[in-house]
Structure formats: structure tokens, C-alpha cells
Amino acid sequence: MACRRIGGHGHTHSPASSINYVKALATGIRTHSICMVSDFFYPNMGGVESHIYQLSQCLIERGHKVIIVTHAYGNRKGIRYLANGLKVYYLPLKVMYNQSTATTLFHSLPLLRYIFVRERVTIVHSHSSFSSMAHDALFHAKTMGLQTVFTDHSLFGFADVSSVLTNKLLTVSLCDTNHIICVSYTSKENTVLRAALNPEIVSVIPNAVDPTDFTPDPSRRDDSMITVVVVSRLVYRKGIDLLSGIIPELCQKYPDLHFLVGGEGPKRIVLEEVRERYQLHDRVRLLGALEHQDVRNILVQGHIFLNTSLTEAFCMAIVEAASCGLQVVSTRVGGIPEVLPENLIILCEPSVKSLCDGLEKAVAQIRSGTLPTPETIHNKVKTFYTWRNVAERTEKVYDRVADEVVLPMDKRLDRLISHCGSVTGCIFALFAVLSFLFLVFLRWMTPDSIIDVAVDATGPSGAWTQQYFPSKKGSEKEEISNC
Amino acid sequence: MVCAQVEASPGKCWQKVLYERQPFPDNYVDHRFLEELRKNIYARKYQYWAVVFESGVVIQQLCSVCVFVVIWWYMDDGLLTPQWLFGAGLASSLIGYVLFDVIDLGVGRKESGRTRWADLKSTQVFIAFTYGFSPVLKTLTESISTDTIYAMSVLMLLGHLIFFDYGANAAIVSSTLSLNMAIFASVCLASRLPRSLHTFAMVTFAIQIFALWPMLQKKLKARTPCCYVGVTLLFALSALAGLLTISGVAALLFALLLVSISCLCPYCLIRLQLLKDNIHGPWDEAEIKDDLSRFLM
């Protein structure tokens, strides 16, 4: 499924790509060879996955060389090419938990080193703090003397044992990383505190949505009733328990109110119980798991979008919904207040009463017709977040990082010991030394000079660019057959 | 309000929003950075004597275990006859039973709706069964080595102390498991006594001290804190005295343990509380405070 979508994307980007590419050559902007590393990538679906894909596409468009490294998903292993020659390495590493690979800090070094060398990578860009492969890659990249960038996509507490441990690991992982990117200001504050960082080396670059994917279509909705749409995984952190309180409360009050719930998860049973208990089968529809391309078709059927999340770093869902012209009602948690201006979102406290009040306000606005039309909302939202803008800002980070020096081994050890506490610092300093010795051994076994240089698909002298950009039709066919 | 301004466009304030392109670099740090950070908002301030009072539960339980072992020792050495133990136990149980109702003037009984006849019946059934099965309990562990029995008893009593419900809201607390471990230990030890009547008296005593006594204590603590302190002190002293008749060194060590738990540990807790550095902010996962079960009633 993802393939077709990816293929389609290539097509929409292609015309602009060739123009920009020529422009890049003409103005002579610096180009980088970037390796994106994360455990999470297609065919897995989610915010991180689409972030990596879209960012890579826009960076390729701007003339950089980009490759993606992730772990094998089922029989999807080896090397694949996506649209515009985006090369993806699916490495044969063992998955431990929640699609995250095991981390030993050593076992992935031979493979990653081989890739970094043969692809002539200059910047390693890791994504998501939940991905152990991303942290491994940062560790190896520093050992090999490459520049490192890390993007944090999630928020984390400080109170419980698990977060104390993960935050310590994050401190170790980020203490000598060149630059960190967060998706919202709240996320930046969180990451700076968690990893005890200097806030100057943390940039805020929000996520984006493709506005052409999320266009309004008022004809699809039924104006004889009011439909509230919820699209999220049905898990505790998304506040589905709150939703189970809101549904009966409002359905009793407004006989013309309908709920459309898209998504799957362990909390589905709670919603089903509520629907059963209050006999709301015709008014509450549970659609189950949705493909990403179906989300828009669900969104345009509603008037109001409800988000009940208990924690959220950025929340793409509310931007997608606003882009489809819906009135958004959401909890005031994490980075959500930063995402949309006040006239496009109704913010509520995370309680049933406050959310019901917010929804009632939205219903009143719809009834009185004071709401702007979906088209107006869409036109406003589409200027807020674009992937091209994200890529431009990320490129600035790369430029900055490329001018910095990677800490030499002795300074790196000093930094680890002084910054991460004496016990943890010393342990990881020892690991750093061992990993360096391992690297020396690997270099002796297979010297860099005898590793083949991979065919450049993208970038300044990309084979793909030269071969396929003149004939766009051919390129699209290739993309689909490659997927 | 003071706000940072950029030379290029004076009058333009930094805003904590993502939807606007602002004339600041992406890694810009405003003076408002981390302004919503809160520290130690849920940290509790402890009073020294209040913590000492609360530590009474732990002291009581340690003493219960100590008294139990001392009594077993006396029985094993023949210093105490089972008739005496059973008689004394029965008498103190009756006193406790009366006290249990007197403390709260029978309110608890009315709420539970349990009749005295029901209490009497269950007591009879229990005594009859223990008496009937005591020969079986006596010979149950004959094939097991005495060392194993001792080791097992020590482990079980330790487990009893670990899992006991001291009033903390933690996953490890399980009063059922705790009671079962104590009874298991008592059966193990009782089976090493000379006759089956000894076994019967010992198991009955275990029930009294591990099941009934904590219930009475709980009520005492809630209703009459002064009496509770007195009872705890008395109980601790008698446990120490009992231990002293067996071994002076053990009594000394036990006294040290009690003092450190009731005086030193509260002091450490209060000192360490000052070092608490708990961070809260907008990134915390929100808590659902509503009672959502009412929607499914």
C-alpha cells in the first residue's frame, strides 16, 4: 500500500525536483551525503516513518544525497529503491520489542560501517529516541568521526523508573552529538532537560503535512447532522478513556450528534462497551484500522475533529484535520497549543467536562454558522507546515554541523565522563574505547580502500537523477516496479 | 512584559508557536525557555514524629515474628506446655475480641453486618479442624530434614515481612500471600515440636498473632493513636525480654534493629527528601481525574 503512495509522490515531486536540482547546481549550494537511520520506516506506518520519507524526498529535491537505513521487516530485506532513487537498506538485525532492534552497541558496527563507507556518508541523522538502532548508529558514527544529528519525536516524563533509565541512556547518546532537532518547543524543553543539553545545539523544526493530500470536500459530509471525527490509535495515551465518557454525555444532550472513530487498539473494547450500554450503534461508528490514504476520506465526512491525547509532542492529526477544513477540539497537552492558532482550535483541559464544553462550543458555532468555510481554513493551514520548509531548515542544520569538528577520541572520553556522571560515564567511555578497537580491527580485516563505492542514485552526480529526470514517465514506472 | 527583539525587525516578539515563521534562528533560546518548569509539586513534607509513629506498623510486625519464634523455642525446650499456650491465647483473643468492638463502639460490626453467632461458628470450625488435623500436620514433614525446615521457615517469615500490607500502595503488597507465608512457616516449625497437641497450640497461636492481631492493631491505630503507641512499646519490650531469656546477643541486635527502623530511618527519609528534584512541565502525561466507571455502570 505504501508503495503506491510513494510512487504517486515521486510523480508530484518530479517536475519541481528537476528545476530545483538545476537551480542547486547553478547557485552551487553545499550538498551533503546524509544517512537517515531509524528502526521505524515503511512498511511500518506512523509519524516518524512519514517524516523520514518526506524529509528525504525534499532533501533529494534540493540536490543532496540521501540514503535510509532501517531493519528488515519480514521478507522486506536487502536494498530497495523508492521514488527518485531514494535507497533504503533493510538490515538483517533482530527485532526485540515494538519494532525496535536489540542494542549491544557492537553487533551493528560491521554492517553500518560498511554502509557509511561505501555510501561516502558525511552526516548521520538518527530519528526517534525509542529506536535503539538510531542510538547505535550515532555511537558508531562518532567512533568513525562522522557528523551526527538526532531528531527527537516524542515526549517523556521524569517520574518513573523506566524514564529515569531511558533518560540516562539519552544523555549518553546525545552528549557528544553535534546537533539535535525537536518537533516543538515543548519537545525541545523536554529533550534539553532529559539529556542535560545546551539549548543552543537544539533546533526546533516542526513536522509537516502534505496539504495536497488533505483537501476539504464539504459535499462528502451530511449537513443534516453533526459528525465528530476521531482518528487515533485506541490506546490509553491517546485518552480513549476520556472519549468513552464524552460519547454518552453528548449523545444524550444532542440527538443529531454522530461519532466516527477511526483506528484500532486495546481500548476499542471500552468504546464498544459504551456503545452497547447506551444503545448508540447507529450513532457511533468504529471503523477499525485505517490505511494512511483513507484518513482524508474519513476526515472530510466530519464537522468537528476531536483529539483527546494525554501527551503529544507535535500532533500531526490535528493539522491534517484542520487542513481538511474541520473545527478542531483538543486537549491542551504537550506541544499542541503551539501547533494551531487560537481561532482554528478549541483547547480544553484533559477532563470529560472540559472536553464536552469545548465540543458544545464547536457545535454552537456550527449551528450559528459563525465558522469559516472549510476552504478558508484549508487555505490558511496549508501555509503553515510544508515539507519543503522543513527540508530547508534541516539543511541549515546540516550546513552548521558540517562546519563543526567531531570530537576526537580523547575529548570524547572526557566529555562522556564529565557529562554523564562518573559511573555511567566511565562504563560508556570503556564501550567507546572497545568500539574504537573493534573498528580498528574491522579496518584491518577489510580496509576502507577495498570497499566498493556504491552507485549514487541521488545527489550531485546521482545516476538516477541524470538517467531519469529527463523522461518523467519512465521514472514513475520504475518506481512502482521497484516497490 | 519584556521581550527579546531582533535587530532586523524591531518590535517583533518571540512567540512559542510553530505555525508562524519567526525572524529567529531555529536554535534560538528565549528567556521564556523552561518558564513552565515546576519542581517538586507533589513532594510531601514529612514531620519527624509523624514518620516515627507510622513506623510503628513495621515494629509491630517484626515483634510479632520475634514473639512467635520465642514461643516456639520455649515449646521446643519444654518450658511452656501447650495447655498453657492455648489457654493464654484463648484468653487474650477473647479480650481482643471485646476490645475490637469496644474501640469503635460497634460501628464496624454494624457496617459489616456479621453476627456474633457467625463469629463463634467459624472459631469452632477452625479450632475443630486444626485439632483434628494436628496429627497429620505433625507427621507431614517427617521425611524432610530439620535444616531444610528451618531454612524454609526463615525464608517464609522474611517473605511474610516483605509482602505484609504496611499501608503502602505498591504492587509488591499482598496481604494474602503474606499471611499464607506466615502460616506455612508456622506449620513447618510446629511439625518439629514433640507432640500433636503442641502442633495444634502452635498453629492456633500463629493464626492469632499473624491474622487477628494485625486487624486489632489497625483499628487501634486509627481510633486511639495514644493507646497504639503504648501497646507498640509494650509489645516491643516484651518481645525483647523474651528474646533476652534465650540469647543476649540476639536481643541486643534486635533492639538495634528496632531503634534504627523507628528513629534512624525516619531521619534519613527527611534528610533525603531535601535532595528531591522532581521535574514537572507541559510535557508530562496528563492524568485522567474523572471517575469514568460511572459511564459503564
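## The eight-stranded sheet in chain A

Strand S1 (residues 33–37) and strand S7 (residues 123–127) of chain A run parallel as a pair, held over four bridges. In that pairing, A:Val37 sits opposite A:Ser126 of S7(A). Keep in mind that this is a predicted model.

Zoom out, and S1 and S7 turn out to belong to an open sheet of eight strands in chain A, ordered S3-S4-S2-S1-S7-S8-S9-S10, with mixed pairing. Which strands stand at the edges? They are strand S3 (78–82) and strand S10 (202–204) of chain A; each has a single partner strand, so one side of each is left without a neighbour in the sheet. On average, and ignoring direction, neighbouring strands here are turned by 25° against each other. Helix H14 (residues 387–403) of chain A packs on this sheet and touches S1, S7, strand S8 (147–152), strand S9 (179–182) and S10 of chain A. The direction of H14 makes about 145° with that of S8(A).

## A closer look at S1

Back to S1(A), this time with strand S2 (residues 65–71) of chain A: these two also pair in the parallel sense, over five bridges. Here A:Ser33 has A:Lys65 in S2(A) as its bridge partner.

How many residues of S1(A) are buried? Five of the five are, so the strand is largely enclosed by the rest of the structure. Cover comes on both faces: A:Ser33, A:Cys35 and A:Val37 are buried on one side, and A:Ile34 and A:Met36 are buried on the other. As background, side chains in a regular strand alternate between the two faces of the sheet.

## The six-stranded sheet

Chain A also has an open sheet of six strands, in the order S13-S12-S11-S14-S15-S16, and here the pairing is parallel. Strand S13 (284–288) and strand S16 (345–348) of chain A take the edge positions with a single partner strand each, so one side of each is left without a neighbour in the sheet. The average turn between neighbouring strands, direction ignored, comes to 20°.

At one of those edges, strand S15 (residues 327–331) of chain A pairs with S16(A) in the parallel sense over four bridges. A:Val329 has A:Ile346 as its bridge partner in S16(A). Helix H7 (residues 240–253) of chain A packs on the sheet, making contact with strand S11 (226–231), strand S12 (257–262), S13 and strand S14 (304–307) of chain A. The direction of H7 is at about 160° to that of S12(A).

## A helix pair: H15 and H16

How do two helices of chain A, H15 (residues 409–419) and H16 (residues 422–445), sit against each other? They pack at an angle of about 155°, with their axes 7 Å apart. That angle is over 145°, the cut-off for roughly antiparallel, so H15(A) and H16(A) are roughly antiparallel to each other.

On the H15(A) side, the residues that meet H16(A) are A:Met409, A:Arg412, A:Leu413, A:Leu416 and A:Ile417. Their counterparts in H16(A) include A:Phe428, A:Ala429, A:Val433 and A:Phe436. By class, this contact has 10 nonpolar, two polar and one charged residues.

## Where chain B meets chain A

B:Asp26 lies in the segment before strand S1 (38–39) of chain B. Is B:Asp26 buried or exposed? With a relative accessible area of 17%, B:Asp26 is buried, because buried means under 20%.

Its side chain and that of A:Arg393 are joined by a polar contact of 2.9 Å. Setting aside neighbours within four places in sequence, B:Asp26 is in contact with A:Val202, A:Ser203, A:Val204, A:Ile205 and A:Arg393.

Key: Residues are numbered from 1 along each chain as its sequence is written. Chains are lettered from A and ligands numbered from 1 in the order in which they are written. This is a predicted model: local features need pLDDT of at least 70, side-chain atom pairs count only at pLDDT 80 or more; totals for chains, interfaces and linings use all residues. Side-chain values use heavy atoms; hydrogens and water are left out. Buried means under 20% relative accessible area, exposed over 50%, partly exposed in between (1.4 Å probe, protein chains only). A polar contact is a pair of N or O atoms within 3.5 Å; within protein, one must be able to donate a hydrogen and the other to accept it, and residues adjacent in sequence count only if both atoms are side-chain atoms. Contact means heavy atoms within 4.5 Å. Axes are lines fitted to C-alpha atoms, for helices over the stretch in contact, and angles run from 0 to 180 degrees between N-to-C directions. Angles under 35 degrees count as roughly parallel, over 145 as roughly antiparallel, 65 to 115 as roughly perpendicular and the rest as oblique. Ala, Val, Leu, Ile, Met, Phe, Trp, Tyr, Cys and Pro count as nonpolar, Asp, Glu, Lys and Arg as charged, and the others, Gly among them, as polar. Two strands pair if DSSP finds at least two bridges between them.
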